[in-house]
Amino acid sequence: MKPGQKGLSIGNVQEFNRRVILSAMQEFGPCSRKDISVATGLDQATVTRAISVLVEDGIVEEIGFRKGGRGRRSISLSFACSGRSIICVRLQRRNFSVGLYSLAGETMEETGSQILKNQPPAQTFDQIAACVDRIIARNPQIDGMGVAVPGPFLERDERVILMTESPDWQAFDLVRSLRERYSAIPVYSIHDAKAAALTVWRTQAKPSGAKVLLYISAGQGIGSALVTNGEVYRGSLGLAGELGHTSIDVNGPRCKCGNHGCLELFTSRIALLRDVREYADGNTETSLTSEARFDDVTAAFHDGDSLAVAEVDRVARYLAQGITNCINFVNPDMVVIGDEYAAFGSPFRAAIAKYVKASLLPSIFESIRLELSQIEGDLVLKGTYLDVLSQTYLTAPREELSRTAKAIGTGH
């Protein structure tokens, strides 16, 4: 036996079984005690005892009867829709959002605010905290808080190491500040594209039979995430998925990350609006102006405005190059584009598909489904809820797993 290996106490076994049962409920949705027994391999007596405690604790609730075999009725179980809840915070370059979710995943409340240009991070933190405080005052039983941030995000240290156009965030420790303010609530962090990818996997990729999902987050920044059989690939430092900081032009402008010709420099919402405003100034052939907002560009694009169509097509061409590089490297069977650019709809998807097809071998392109996100609401907030639920109830927290792996590796 290796030094440091330990057995499981009765309490550990009960906790393990509880996580197995809750994971089955998350996997299959509302189900009976018998369904859980069959899915987990646990005997029904063990399942019944565990469920009784979960119902008593307000984690699980009985939601009514359903017909089983031979006309028998069984009680369906679900994660609780009231009582306990999860708070999710999403930070972006120009705004933030705060959402409240039931354990069952229902959106109970959502709020947020714009972030003024050059606004100090400490001021934004105070605004976020004020939103969180109001939610907690009305919902005192908060089981966890998730924080989703743009990248590059050093997940291992839970630190933003670069936020394009918002450099002050590199010196502000958002996650630690939230932990200090809300010390009674477990706080977890995740990169925003990884959070969104969890939502897309669960609601769009998995039901369609996909095995490897490449999710592209295209909006204020450009990010990506790779999901294989429900697990997000994170990399050694948690930095995996920084598609926006891969180069598509080695002779291009220097990015603040140190690279040249980064994809984000050509395709982010910030870059799109910059170019639209520049070309719209004095241009009588477009309805757009030098003060155009993203919603204005979206509407003009759908109306066939020549400038909007040309600039969105340019973004599609550059974005397709980044996607092509990813496809050749990680070999997904499904690519989903989400976040703000999904608002450009099927013409945008078709343009990207056209450029990707021209850059790939036919057999590779034919094996991939390229889609826009089909999910209503904020994918990042929903994915952050899924991440918190998982670390709170379904698996051990990532930091705990990391410590365990290190202990096993060193024999301590």
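**Notebook: cysteines, cores, turns, rings and charges**

I began with C255, which is buried at a relative accessible area of 4%, where buried stands for under 20% relative accessible area, exposed for over 50% and partly exposed for what lies in between, computed with a 1.4 Å probe on protein chains only. I am working on a predicted model, in which local features need pLDDT of at least 70 and side-chain atom pairs count only at pLDDT 80 or more, while totals for chains, interfaces and linings use all residues. I number residues from 1 along each chain as its sequence is written, and the side-chain values rest on heavy atoms, with hydrogens and water left out.

**Cysteines**

I searched for disulfides, taken as pairs of cysteine sulfur atoms within 2.5 Å, and the structure holds zero of them. For C88, which is in no disulfide, I found the nearest cysteine sulfur to be that of C131, 14 Å away; C88 is also buried, at a relative accessible area of 0%. I then returned to C255, which is likewise in no disulfide, although the sulfur of C257, its nearest from another cysteine, is 3.7 Å away.

**Nonpolar cores**

I next looked up the nonpolar cores, each being a set of buried Ala, Val, Leu, Ile, Met, Phe, Trp, Tyr and Cys residues joined through side-chain atoms within 4.5 Å. The largest core has 46 residues, of which I21, L22, M25 and L213 touch the most other members. The most is given by helix α13 (residues 379-394), which supplies nine residues to this core; helices (H or I, at least four residues) and strands (E, at least two) are DSSP runs numbered from the N terminus. I listed the contacts of L213 (heavy atoms within 4.5 Å), leaving aside residues up to four places away in sequence, and obtained A197, V200, W201, A205, A225, L226, V227, M334 and V336. Apart from the largest core lies another, of 39 residues, and among its members I noted L214, I216, I222 and L307.

**Positive phi outside glycine**

I checked two residues that are not glycines but have a positive phi, and N229 came out at about 50 degrees. N229 sits in the loop between β11 (222-228) and β12 (231-232), and its relative accessibility of 58% makes it exposed. For D339 I read a positive phi of about 75 degrees; D339 belongs to the loop between β13 (334-338) and α11 (345-359), and at 22% relative accessibility it is partly exposed.

**Aromatic rings**

I paired rings of Phe, Tyr and Trp (for Trp, the six-membered ring) when their centres lie within 6.5 Å, calling planes under 30 degrees apart stacked, over 60 edge-to-face and the rest tilted. By this rule I count nine aromatic pairs. F294 and F344 form an edge-to-face pair, because their ring centres are 5.5 Å apart and their planes stand at 65 degrees. This pair links distant parts of the chain, 50 residues apart, with F294 in helix α9 (residues 294-302) and F344 in the loop between β13 and α11. F344 also pairs with Y341, and there I noted a tilted arrangement, 5.6 Å centre to centre with 55 degrees between the planes. Y341 is buried at 0% relative accessibility, and F344 is buried at 1%. Ring pairs join F294, F301, Y341, F344 and F348 into a cluster.

I also looked for a charge over a ring, which asks that NZ of Lys or CZ of Arg be within 6 Å of the ring centre and within 35 degrees of the ring normal; the charged end of R317 sits over the ring of Y318, 5.0 Å from its centre.

**Salt bridges**

Taking a side-chain nitrogen of Lys or Arg within 4 Å of a carboxyl oxygen of Asp or Glu as a salt bridge, I found 17 in the whole structure. In the bridge between R176 and D173 the closest N and O atoms are 3.9 Å apart, and D173 is partly exposed at 25% relative accessibility. R293 and D296 meet at 3.6 Å, N to O, with R293 exposed at 54% and D296 partly exposed at 29%.

I noted R314 and E311 as a bridge at 3.0 Å, N to O, both residues lying in helix α10 (residues 306-330), three residues apart, or about one turn of the helix. R314 counts as buried at 14%, as does E311 at 7%. R314 and E311 also belong, with R274 and D275, to a network of salt bridges.
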